[in-house]
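User: Please examine one part of the model shown here in detail, and then place that part in the context of the whole chain. A single connected account is preferred to a list of values.

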Amino acid sequence: MINVDYKKRIRDLRQENDLTQEFVARNVLGISQTMYARYERGANEMPIRHLISLSKYYQVTTDFILALTDKRN
């Protein structure tokens, strides 16, 4: 079973950094705000390439984003 708790983690990381969905979508992932919003809602699964991009941008592990651990690094 796929752990979909990443939607809360990516929303929390974005808000902790005072970023908009538009900023993260356009400047970090190169996608539309609408598509990014679908990731945060869980309407679409996030591709691995976007998981890696967010991990690098926020300087946290992919396991942290996927809620497999509470350790950020």
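What follows is a request about one helix and a single answer to it. Which residues of helix 4 are buried, and what do the buried residues of helix 4 pack against?

Analyst: The model is a predicted one, and the values below are computed from its atoms.

It is useful to begin with the frame in which helix 4 sits. The chain contains 5 helices and 0 strands, so that its elements, read from the N terminus, follow the order α-α-α-α-α. The C-alpha trace spans about 30 × 25 × 20 Å along its principal axes. A compact globule of 73 residues would have a radius of gyration near 11 Å, and the value of 11 Å for this chain therefore agrees with that expectation. Among contacts with a separation of 6 or more, 49% join residues 24 or more positions apart. Of the 73 residues, 34% count as buried.

Helix 4 covers residues 48–58. Its buried residues are His-50, Leu-51, Leu-54, Ser-55 and Tyr-58. These five lie on the same side of helix 4, because the arc they cover around the axis is only 140°. The other side carries Ile-48, Arg-49 and Lys-56, which are exposed. The helix thus has a buried side and another side with exposed residues. As for the partners, the buried residues of helix 4 pack against helix 1, helix 2, helix 3 and helix 5.

The packing can also be followed from helix 2, which comprises residues 21–29. Its buried residues are Gln-21, Val-24, Ala-25, Val-28 and Leu-29. They share one side of helix 2, since they cover an arc of only 115° about the axis. The cover over these residues includes helix 1, helix 3 and helix 4. Helix 4 is therefore named in the cover of helix 2, and helix 2 in turn is among the elements against which the buried residues of helix 4 pack. Phe-23 gives one residue-level view of this region: it belongs to helix 2 and, apart from residues up to four places away in sequence, touches Val-28 and Tyr-57. With a relative accessible area of 32%, which lies between the limits of 20% and 50%, Phe-23 counts as partly exposed. The C-alpha atoms of Phe-23 and Gln-33 are 8.0 Å apart, and the two residues are separated by 10 positions in sequence.

The route out of helix 4 deserves attention next. Gln-59 follows the helix and has a positive phi, near 55°. Thr-61 lies in the loop between helix 4 and helix 5. Because its relative accessible area is 26%, Thr-61 is classed as partly exposed. Setting aside neighbours within four places in sequence, Thr-61 contacts Ser-55, Thr-69, Lys-71, Arg-72 and Asn-73. One of these partners, Ser-55, is a buried residue of helix 4. The C-alpha of Thr-61 is separated by 13 Å from that of Ile-48, a residue 13 positions away along the chain.

Beyond helix 5, which comprises residues 62–65, comes the segment that contains Ala-67. Ala-67 has a positive phi of about 60° although it is not a glycine, and its relative accessibility of 25% makes it partly exposed. Ala-67 is also one of the residues touched by Arg-9, which is located in helix 1. The further contacts of Arg-9, with residues up to four places away left out, are Phe-64, Ile-65, Thr-69 and Asp-70. Arg-9 counts as buried because its relative accessibility, 16%, falls under the 20% limit. Thr-69 is a contact of both Arg-9 and Thr-61.

Positive phi values also occur elsewhere in the chain. Gly-30, just after helix 2, has a phi of about 70°. Asp-18, in the loop between helix 1 and helix 2, has a phi near 50° and is a residue other than glycine. Asp-18 counts as exposed because its relative accessibility is 71%.

Finally, some totals describe the surface and the charges of the chain. The accessible surface is about 4,700 Å², and carbon and sulfur atoms account for 48% of it. There are 12 positive and 9 negative side chains, and the centres of these two sets are 4 Å apart.

Technical notes
Residues numbered from 1 in each chain as written. Predicted model: local features only at pLDDT ≥ 70, side-chain atom pairs only at ≥ 80, totals over all residues. Heavy atoms only, no water. Helix = DSSP H or I, 4+ residues; strand = E, 2+ residues; numbered from the N terminus. Buried < 20%, exposed > 50% of the residue type's maximum accessible area, 1.4 Å probe, protein only. Contact = heavy atoms within 4.5 Å. Arc of directions from axis to C-beta. Rg over C-alpha atoms; globule rule 2.2 N^0.38 Å. Areas by Shrake-Rupley, 256 points an atom, 1.4 Å probe, with all protein chains shown as cover. Lys, Arg positive; Asp, Glu negative; His and termini not counted. Charge placed at Lys NZ, Arg CZ, Asp CG, Glu CD.
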